[in-house]
Amino acid sequence: MEFSISSEQKAFRDAIIKFARQELNEDVEQRDRDHEFRRDLWQKCGEMGLLGLPVDEAYGGSGLDAVSSVIALQALGYGCHDSGLNFSVCAHLLACVIPLWKHGSDAQKETYLPKLCQGDWIAVNAMTEPGTGSDPFAMKTQARKDGEDWVISGVKTFSTNGPVADLAVVYAMTDPEKGFNGGITAFLVEREKHGFDTGQTFEKMGLRTSPIGELVFDDVRVPESAIIGRVGGGAVMFSESMDWERACLVACHVGVMERLLESAVDYARNRKQFGQSIGKFQAVSHRLADIKV
């Protein structure tokens with residue numbers, strides 16, 4: 001089996017690394033200390049095509065295949081030192097944009113995908129809840145039918161991009177008797193149009209440039225057209241998006257690890273102790289070998 005990447009993929013990877021180094025690394029340490037999310041950097045990622053990698057070009061995406069999308073995210077992790085921004089990009093793309101692209105109606109795609117792919121809007125995945133974590137079988141948030149509309153009530157927590165999001169992909173229980181398998185539905189909820197509140201914003205030990213917090217849905221009314229896919233189809237959609245996230249999010253981390261290993265090797269070659277590079281000591285070289293493995 002051929003595992004080498006094409007010349008086009010290599011050129012795209014190199015372009016992303018160059019872009020990230022030139023545009024995304026300014027004042028990273030200070031921004032991390034200040035828990036600062038930069039919307040202008042987000043829009044630059046959109047202009048580079050990173051916020052809609054596999055999405056059709058007709059909807060503002062880059063139209064890449066899955067492998068090329070993984071290569072792009074690995075390049076982002078390698079070139080961008082702002083791991084919080086990287087994490088927000090992945091949460092937006094993998095848990096929100098891709099489900100909409102895969103399961104949304106034509107009208108939903110035409111309305112939302114260009115804004116999301118180009119960086120004009122930020123999306124948040126609203127699944128995790130207080131007291132239930134990411135256990136969808138214990139979901140408390142409910143959506144009930146009221147005339148032609150649906151009314152959503154509940155609280156989500158640890159929602160990456162929540163404090164700054166324009167659009168939420170909200171999972172709610174629509175049939176408690178069916179539970180996770182057939183009883184959960186996904187909705188598109190706009191902050192300005194439909195209204196949802198942001199609860200507390202959490203401070204973290206790392207990834208501090210990626211804002212995370214609570215989302216409060218207090219009888220938020222949305223039309224039938226806000227449903228992604230079909231009523232009761234939320235579980236399948238969520239599971240598919242998590243497959244994308246597991247495969248692609250780690251690619252970004254692999255890029256980070258590649259960069260950190262190179263930095264460690266460079267330091268080990270140049271740092272001198274007892275008349276030689278510290279990389280010549282087995283206690284150091286063995287650690288570097290373990291990292292490479």
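**Exercise 1. The hairpin.** Which residue is the bridge partner of Ala 143 in β3? Work it out on this predicted model, then describe the hairpin around that pair.

*Solution.* Start with the strands: β2 covers residues 142–146 and β3 covers residues 149–160. They pair in the antiparallel sense, over 5 bridges. Now look up Ala 143, and you'll find Ile 152 across from it in β3. Last, check the turn: the hairpin has 2 residues between the strands, and Gly 147 takes a positive phi near 70 degrees.

**Exercise 2. Counting disulfides.** Find how many disulfides the model has, and check Cys 80 and Cys 96 one by one.

*Solution.* The cut-off you need is a sulfur pair within 2.5 Å. Applying that rule gives 0 disulfides. Take Cys 80: the nearest cysteine sulfur belongs to Cys 45 and sits 6.8 Å away, so with a limit of 2.5 Å there's no disulfide here. For Cys 96, the nearest cysteine sulfur is that of Cys 90, 12 Å away, and again Cys 96 is in no disulfide.

Next, are these two cysteines buried or exposed? Buried means under 20% relative accessible area. Cys 80 has 0% relative accessibility, so it counts as buried. Cys 96 comes out at 1%, so it is buried too.

**Exercise 3. The largest pocket.** Describe the largest pocket by its volume, its lining and the elements that contribute to it.

*Solution.* First the volume: about 350 Å³ of space. Then the lining, which has 20 residues; closest to the pocket centre are Asn 125, Thr 128, Phe 158, Thr 160 and Glu 245. Map the lining onto elements, and those giving two or more residues are α5 (83–103), β1 (123–126), β3 and α8 (234–270). Finally, sort by class: 12 nonpolar, 6 polar and 2 charged residues.

**Exercise 4. The largest nonpolar core.** Which element gives the most residues to this core?

*Solution.* The core holds 57 residues, and the ones touching the most other members are Leu 24, Leu 76, Leu 85, Leu 116 and Tyr 171. Several elements give two or more residues, including α1 (7–23), α4 (66–79), β4 (167–173) and α8. Tally them and α5 gives the most, with 11 residues.

**Exercise 5. Asp 266.** Place Asp 266 in its element, classify its exposure, and compare its sequence and spatial separations from Gly 233.

*Solution.* Asp 266 lies in helix α8. Its relative accessibility is 46%, so Asp 266 counts as partly exposed. As for Gly 233, it is 33 residues from Asp 266 in sequence and 51 Å from it in space, C-alpha to C-alpha.

Methods
Residues are numbered from 1 along each chain as its sequence is written. This is a predicted model: local features need pLDDT of at least 70, side-chain atom pairs count only at pLDDT 80 or more; totals for chains, interfaces and linings use all residues. Side-chain values use heavy atoms; hydrogens and water are left out. Buried means under 20% relative accessible area, exposed over 50%, partly exposed in between (1.4 Å probe, protein chains only). Two strands pair if DSSP finds at least two bridges between them. Helices (H or I, at least four residues) and strands (E, at least two) are DSSP runs, numbered from the N terminus. On a 1 Å grid over the protein atoms alone, a cavity is a set of points where a 1.4 Å probe fits but cannot get out, and a pocket is an open set with protein on both sides within 12 Å along at least five of seven lines; lining residues have an atom within 4 Å of a point. Grid points are joined across faces, edges and corners, and a volume is the space filled by probe spheres set on the points. Ala, Val, Leu, Ile, Met, Phe, Trp, Tyr, Cys and Pro count as nonpolar, Asp, Glu, Lys and Arg as charged, and the others, Gly among them, as polar. A nonpolar core is a set of buried Ala, Val, Leu, Ile, Met, Phe, Trp, Tyr and Cys residues joined through side-chain atoms within 4.5 Å.
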